[in-house]
Amino acid sequence: TTLERRDFERDQPGFSGWNRNNDEMVPFWQRAHRYCDLGAYQYDARALGPDDPQFWQLTDDRTIEPVVLRQSPPTRFGEKYSASLADSRTIHAWLWTNAVTVSTMPGAERETVETRTLDGTERRFQARAVVMAAGAIESTRLVLWSNAKNATQAGSAGTLLGRCYMDHLAGGIGTLHFDRHMPDQVQWTPIDTFADEGVPLHFGLHVKEDVQRDLGLTNIIFHALPIADSREKRLRRKRSRDAVDSLANLVKWTIGREMSARFRPADAYCEMTMNADDFVVDTVDRVLGPKGAKQALIRFEAEERPGRTNGVDLHPAERDALGVPRPILTWKPSDDDLEAVRLSALQLGRAFGEMEIGRLELDTKENMPFRDVVTAWHQLGTMRMATSPTAGVTDQNCKVYGAGELYVAGGATFPTGGRANPTLTIVALAIRLGDHLKGRMLG
């Protein structure tokens, strides 16, 4: 899923935003779609969804609008592109060879990467440019340690190296009690119900841009997950889905489709036969039983504002097996971010009520306002890009300020996180960085 125009156009209090715009990123998102097997570059929810109005809710609300997410298979880059890497005459891949320091001194004729294997073998690689693509925590740790070893201050002019770690908060906001058995709507159908060119689509809801701006809200997406009438029915429905998935995989395997290395025909056959009865009962219940659900769990995935108190530091005493200080991650959602989730949910609840869909009951627990709040495992922000060395760590081309030809590919460069899963934008920025380096080195 792409970031949105609003994510590029607004600054967060005390911090600069993206030093590029949405339109500039579109051609790189389009190219990233091909690498991620996402089909056409199309994110108009109404254009992708069904024509039947009964499948839609809240499309005409003054504060809430539908959004769409395109679901990657997922694409396993190692599996998909390993043969191309092996056949390339210009790419030399070294596995299990761990970078322990990088060049952080400006003006060097060649950039250097020192590596060490777990059995102690040391190697030194040199190149005209070095790109770190190790994730926000590891890339930051590598530069912090290299600065300490080299007595340099690369990326540190604004004391923001390692600061402003961000993630996406995820959890349950509450329960939607429908006024009647609610048939499937696009916002609460299973992920495989709708597709575009074979790419599964997932629909959600979020607060419109002007309302976000007026109320000072972060960017948040909500998903409604229907709750079956009983635990027994929920388990039966899960086993029914397992039977269908196993049968589908067996068919793919039979016609010669490429399967995951984890696929075992015998296991799939057993899964299908053991759950066949549940599939039959569930299908009959769907046809003859009450149509729809009476409740839905409302889950959210929310943007987090950048803040200096969240970040990555080097442990003063502990080192890993390669002799590099272990990282210390400090991360705590702010009260303001949690309050933004609550206020956005209130907008959602109001819309449900006015449309006579149902009543939203928010979770309220002591010291834990929402259900099962966790991280979405998106590492963002510790080497944020900015227009000046004092406002960030990397420039608009993801080059580390104050170093030589040292670059970062990954979510560490994000100044803000938006509400979208970051992988597509990470791939798009990597493509843009590749174009920049080719032009710089070969032009």
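Buried means under 20% relative accessible area. The legends below describe close-up views of a predicted model.

**Figure 1. Two cysteines, Cys36 and Cys398, without a disulfide.**
Cys398 has a relative accessible area of 4% and therefore counts as buried, since the limit for that word is 20%. Cys36 is likewise assigned to the buried class, at 6% relative accessibility. A disulfide is a covalent bond between the sulfur atoms of two cysteines. How many disulfides does a search of the whole structure find? The search finds zero. For Cys36, the nearest cysteine sulfur belongs to Cys398 and is 16 Å away. A disulfide requires two cysteine sulfur atoms within 2.5 Å, so a separation of 16 Å leaves Cys36 unpaired. Seen from Cys398, the nearest cysteine sulfur is that of Cys36, and Cys398 is in no disulfide.

**Figure 2. The open sheet formed by strands β2, β3 and β4.**
Three strands are arranged in the order β2-β3-β4, and their pairing is antiparallel. The edges of the sheet are β2 (98–102) and β4, each of which pairs on one side only. From one strand to the next, the twist averages 30°. Between β3 and β4, the antiparallel pairing extends over six bridges. Within this pairing, Glu114 stands opposite Arg124 in β4.

**Figure 3. A salt bridge between Arg124 and Glu114.**
Side chains of opposite charge can pair when their charged atoms come close. Here the side chains of Arg124 and Glu114 meet in a salt bridge, with a distance of 2.7 Å from N to O. Which parts of the chain does this pair tie together? Arg124 belongs to strand β4 (residues 122–127) and Glu114 to strand β3 (residues 111–116), so the contact joins parts that are 10 residues apart in sequence. Arg124 is exposed, with a relative accessible area of 56%, whereas Glu114 is partly exposed, at 28%.

**Figure 4. A salt bridge within helix α5.**
Glu138 and Arg141 both lie in helix α5 (residues 135–150). The two residues are three residues apart, which corresponds to about one turn of the helix. Their side chains meet in a salt bridge, at 2.9 Å from N to O. Is Arg141 buried or exposed? Arg141 is buried, with a relative accessible area of 9%. Its partner Glu138 counts as partly exposed, at 33% relative accessibility.

**Figure 5. A salt bridge between a loop and helix α11.**
The side chains of Glu405 and Arg440 meet in a salt bridge, and the distance from N to O is 2.7 Å. Glu405 lies in the loop between β14 (371–375) and β15 (406–408), while Arg440 lies in helix α11 (residues 423–442), so the pair ties together parts that are 35 residues apart in sequence. Glu405 is buried, with a relative accessible area of 15%. Arg440 is partly exposed, at 44% relative accessibility.

**Figure 6. A network of salt bridges.**
Which residues are linked in this network? The members are Glu4, Arg6, Glu65 and Arg419. For the structure as a whole, the count comes to 19 salt bridges.

Key
Residues are numbered from 1 along each chain as its sequence is written. This is a predicted model: local features need pLDDT of at least 70, side-chain atom pairs count only at pLDDT 80 or more; totals for chains, interfaces and linings use all residues. Side-chain values use heavy atoms; hydrogens and water are left out. Buried means under 20% relative accessible area, exposed over 50%, partly exposed in between (1.4 Å probe, protein chains only). A salt bridge is a side-chain nitrogen of Lys or Arg within 4 Å of a carboxyl oxygen of Asp or Glu. Helices (H or I, at least four residues) and strands (E, at least two) are DSSP runs, numbered from the N terminus. Two strands pair if DSSP finds at least two bridges between them. Axes are lines fitted to C-alpha atoms, for helices over the stretch in contact, and angles run from 0 to 180 degrees between N-to-C directions.
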